[in-house]
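Colleague: Got a minute? I have a model open and would like to go through it with you.

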Amino acid sequence: MKIPKEIVISGHTIKVKQVIPDEAKENFIGRLETKNLVIELNMSYTEDMIKEALIHEILHAADIIYNLDLNEYHIGVISAVVFKLIKEGYYVKD
Ligand SMILES: [Zn+2]
């Protein structure tokens, strides 16, 4: 899975920025700026952690776009499951 520069969900563009924040001041793997739908990924973490964080933040964005009212627990579980499926190479074949 490569890190996209942007993802479009239902006509909403979510930008993805790869950053290396000052560790002393900021502590996150991924985060979503909800007003402008910008995801920041902290590239100082492991590849797997960053990829799962990307899925997690995309779900936060989808939650906003579709008014799902998911909580942090829901998003944490769904992102962990989706990441596992992708990591293990599951796919749907015609
Ligand atoms: Zn979250």
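Colleague: How many helices and strands does the protein have?

Modeller: Two helices and four strands. Bear in mind that this is a predicted model.

Colleague: And in what order do the elements run from the N terminus?

Modeller: β-β-β-β-α-α. The radius of gyration is 13 Å, close to the 12 Å that the globule rule gives for 94 residues, so the protein is as compact as a globular protein of that length.

Colleague: What does the C-alpha trace span along its principal axes?

Modeller: About 45 × 30 × 25 Å.

Colleague: What share of the residues is buried?

Modeller: Buried residues are 17% of the 94. As for contacts with a separation of 6 or more, 42% of them link residues 24 or more positions apart.

Colleague: On to the sheet. What is the strand order?

Modeller: 1-2-4-3, in an open sheet with mixed pairing. Strand 1 (6-9) and strand 3 (30-33) are at the edges. Each has a single partner strand, so one side of each has no neighbour in the sheet. From one strand to the next, the twist averages 20°.

Colleague: How do strand 3 and strand 4 pair, parallel or antiparallel?

Modeller: Antiparallel, over four bridges. Strand 4 covers residues 38-42. Gly 30 stands opposite Leu 41, and Glu 33 has Val 38 as its bridge partner.

Colleague: What links those two strands?

Modeller: They form a hairpin with four residues between them. Leu 37 sits in the turn, and its phi is positive, about 50°.

Colleague: Which helix packs on the sheet?

Modeller: Helix 1, residues 47-65. It touches strand 1, strand 2 (12-19), strand 3 and strand 4. Its direction makes about 25° with that of strand 3.

Colleague: Now the inside. Which residues make up the largest nonpolar core?

Modeller: Eight residues: Ile 14, Leu 37, Ile 39, Leu 41, Ala 53, Leu 54, Ile 58 and Ala 61. Strand 4 and helix 1 are the elements that give two or more residues to this core. Helix 1 gives the most, with four.

Colleague: Any general reason to expect a cluster like that?

Modeller: In soluble globular proteins, nonpolar side chains tend to be buried together.

Colleague: Back to Leu 41. What is it in contact with, leaving aside neighbours within four places in sequence?

Modeller: Ile 3, Val 16, Gln 18, Val 19, Gly 30, Ile 50, Ala 53 and Leu 54. Gly 30 is also the residue opposite Leu 41, while Ala 53 and Leu 54 belong to the core with Leu 41.

Colleague: What about Ile 55: where is it found?

Modeller: In helix 1. Ile 55 is partly exposed. It has 18 other C-beta atoms within 10 Å, and buried would take 20 or more.

Colleague: So what does Ile 55 contact, again leaving aside neighbours within four places in sequence?

Modeller: Ser 79, Val 82 and Phe 83. Ile 75 is 20 residues away from Ile 55 along the chain, and their C-alpha atoms are separated by 9.2 Å.

Colleague: Last topic, helix 2. What should its 16 residues span?

Modeller: At 1.5 Å a residue, residues 72-87 should span 22 Å. The end C-alpha atoms are 22 Å apart, which agrees.

Colleague: And which residue with a positive phi follows helix 2?

Modeller: Gly 89, with phi near 80°.

How values were computed
Residues numbered from 1 in each chain as written. Predicted model: local features only at pLDDT ≥ 70, side-chain atom pairs only at ≥ 80, totals over all residues. Rg over C-alpha atoms; globule rule 2.2 N^0.38 Å. Buried ≥ 20, exposed ≤ 12 C-beta atoms within 10 Å, placed from the backbone. Contact = placed C-beta atoms within 7 Å. Expected span 1.5 Å × (residues − 1). Pairing = 2+ DSSP bridges. Axes fitted to C-alpha atoms, helices over the stretch in contact; angles between N-to-C directions. Core = buried A, V, L, I, M, F, W, Y, C linked by C-beta atoms within 7 Å.
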